[in-house]
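The following exercises are to be worked with the sequence and the coordinates at hand. Each task is followed by a solution in steps.

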Amino acid sequence: MAWGPPVAAPPAQARAPASVVLTPDTGPPGTPVAVSGSCETDPETNTAVGSTSRVDLHWDGSPVGSADLTDDGAFELAFSVPDDAGPGPHPVTADCRYGAVRSTATATFTVALPAPEPVVTLAPDEGEAGTAQPVLSGSGFDCPVVELLWDGAVVGTSAVSAEAAFQAVVEIPAGETTGEHALLVQCAGDPGRSAEAAFTVTAPEPSPEPSPTDTGLVPSPGPPTPDPLTPDPLTPDPLTPDPLTPDPLTPDPPTPLPPPPNPNSGGGGAAPVGWVVGSGLLGAGLLAAAGAAFLAQRQRGPRWVREHVSTRLRPSPGTTQVTGPPGHCVRLEPRADPGEQTVQEEDRCPPPLSPLP
């Protein structure tokens, strides 16, 4: 047996560390994730009959899938983020078994809850052009600035707060047509994040028509209302007799009788004494009777009227305003009242006059 120089052994193959990659690594619950990676390998220890090469995947320590390794220790599999996963980072671990070699690799998946859908409101949602100034409010805009579009044309912008909200006053331009108009709000640079509201431009209210009596002139005051306690100089006093009107209560004085004819006038002689005395007495008696009748029926004075006559006021019709045509005059004449007058005499009467002696 020949001895020769010693032969050097082949260098030991270095073990590759395990690795795992998540695609994508951020999303909301329910997101499908593709996992790829490789496990640590040792070909010398994987020659035994029945040896296995496998990887198990865990989400927060709970199994979510498994797969066989290839000859070089690579693997691929997929899983979905659990629906009850909370927001924030979650570890995803790959446990490898390559024959007698065991290794692990970990990656992080961040759960991000979906942003709320953008919403906008207008208050009020209708008004007249040129005067309406509705307040536009929005929320759910995860961008720094939003654009305001009136019927598709940009009319302004507004800054968004950290809470993804904004508020702005919209001035409806004068002359805008009546009807419904669209007001669109979208993230500047991201038109996909948008919301829309409607505003109705109403017709202006009609102006009130002037009243036929509203001429701007101050109406002239009507005639004053007569005072029932103040006598009217144009109205005759019923208690004062009119010297030109005969009083039906006052009889005419008796017409004196003509003297009797003188039987002796023709003869030129003196009349008998008895005839003259008798005629004188008869005339005196007639005159006395006429005087008594005259005194009994003479006109009563104011004192007698106040003691024997009662009066009562009656409502008179309203004063009528008379308006004549231009260039003409109107003359008012007092007339007697055609109504009914009633005079009531009381029981108190003066004592009868004594007959003349």
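**Exercise 1. A loop residue**

Is leucine 69 buried or exposed, and what is its relative accessible area? Identify also its place in the chain and its contacts.

*Solution.* The model is a predicted one.

Step 1. Leucine 69 lies in the loop between strand 5 (62–68) and strand 6.

Step 2. The relative accessible area of leucine 69 is 11%. Buried means under 20%, so leucine 69 is buried.

Step 3. When neighbours within four places in sequence are left aside, leucine 69 is in contact with Cys39, Ser53, Arg54, Val55, Ala74, Phe75, Arg97 and Tyr98.

Step 4. Threonine 52 is 17 residues from leucine 69 in sequence, and the C-alpha to C-alpha distance between these two residues is 8.7 Å.

**Exercise 2. The disulfides**

Determine how many disulfides the structure holds, which cysteines they join, and what handedness they have.

*Solution.*

Step 1. There are 2 disulfides in the structure. In general terms, a disulfide is a covalent bond between the sulfur atoms of two cysteines.

Step 2. Cysteine 39 is joined to cysteine 96, with an S to S distance of 1.7 Å. This pair links distant parts of the chain, 57 residues apart: cysteine 39 is in the loop between strand 3 (32–38) and strand 4 (53–59), and cysteine 96 is in strand 7 (residues 88–98). Cysteine 39 and cysteine 96 are both buried.

Step 3. Because the torsion about the S-S bond of cysteine 39 and cysteine 96 is about -65°, this disulfide is left-handed.

Step 4. Cysteine 143 is joined to cysteine 187, with an S to S distance of 2.1 Å. Here too distant parts of the chain are linked, 44 residues apart: cysteine 143 belongs to the loop between strand 11 (135–139) and strand 12 (145–150), and cysteine 187 to strand 15 (residues 179–187). Both cysteine 143 and cysteine 187 are buried.

Step 5. The torsion about the S-S bond of cysteine 143 and cysteine 187 is about -80°, so this disulfide is left-handed.

Step 6. With bonded cysteines counted along the chain, the pattern is 1-2, 3-4.

**Exercise 3. Strand 6 and the nonpolar cores**

Which side chains of strand 6 point to the buried face, and which strands supply at least two residues each of the largest nonpolar core?

*Solution.*

Step 1. In a regular strand the side chains alternate between the two faces of the sheet. Along strand 6, Phe75, Leu77 and Phe79 point to one face and are buried, whereas Ala74, Glu76, Ala78 and Ser80 point to the other and are not buried.

Step 2. Strand 6 pairs with strand 3 in the antiparallel sense over 7 bridges. Within this pairing, alanine 34 has alanine 78 as its bridge partner in strand 6.

Step 3. The largest nonpolar core has 24 residues, of which Val35, Val55, Trp59, Phe75 and Phe109 touch the most other members. At least two residues of this core come from each of strand 1 (19–23), strand 3, strand 4, strand 6 (74–80), strand 7 and strand 8 (101–111).

Step 4. Beyond its neighbours within four places in sequence, phenylalanine 75 has contacts that include Val35, Cys39, Val55, Leu69 and Cys96.

Step 5. A second, separate core holds 21 residues, among them Leu122, Leu148, Trp150 and Val170.

**Exercise 4. Strand pairing**

Establish the order of the strands in the open sheet of 3 strands, and describe the pairings of strand 16 with strand 10 and strand 15.

*Solution.*

Step 1. The order in the open sheet is 9-11-14, with antiparallel pairing. Strand 9 (119–123) and strand 14 (165–169) are the edge strands, each pairing on one side only. From one strand to the next, the twist averages 15°.

Step 2. Strand 11 and strand 14 are joined by 5 bridges; serine 139 has alanine 165 as its bridge partner in strand 14.

Step 3. Strand 10 (residues 126–128) pairs with strand 16 (residues 190–202) in the parallel sense over 3 bridges. Glutamate 126 has threonine 200 as its bridge partner in strand 16.

Step 4. Strand 15 pairs with strand 16 in the antiparallel sense over 9 bridges, and leucine 184 stands opposite glutamate 196 of strand 16. These two strands form a hairpin with 2 residues between them, and glycine 189 in the turn has a positive phi of about 90°.

Conventions
Residues numbered from 1 in each chain as written. Predicted model: local features only at pLDDT ≥ 70, side-chain atom pairs only at ≥ 80, totals over all residues. Heavy atoms only, no water. Disulfide = S-S within 2.5 Å. Helix = DSSP H or I, 4+ residues; strand = E, 2+ residues; numbered from the N terminus. Buried < 20%, exposed > 50% of the residue type's maximum accessible area, 1.4 Å probe, protein only. Core = buried A, V, L, I, M, F, W, Y, C linked by side-chain atoms within 4.5 Å. Contact = heavy atoms within 4.5 Å. Pairing = 2+ DSSP bridges. Axes fitted to C-alpha atoms, helices over the stretch in contact; angles between N-to-C directions.
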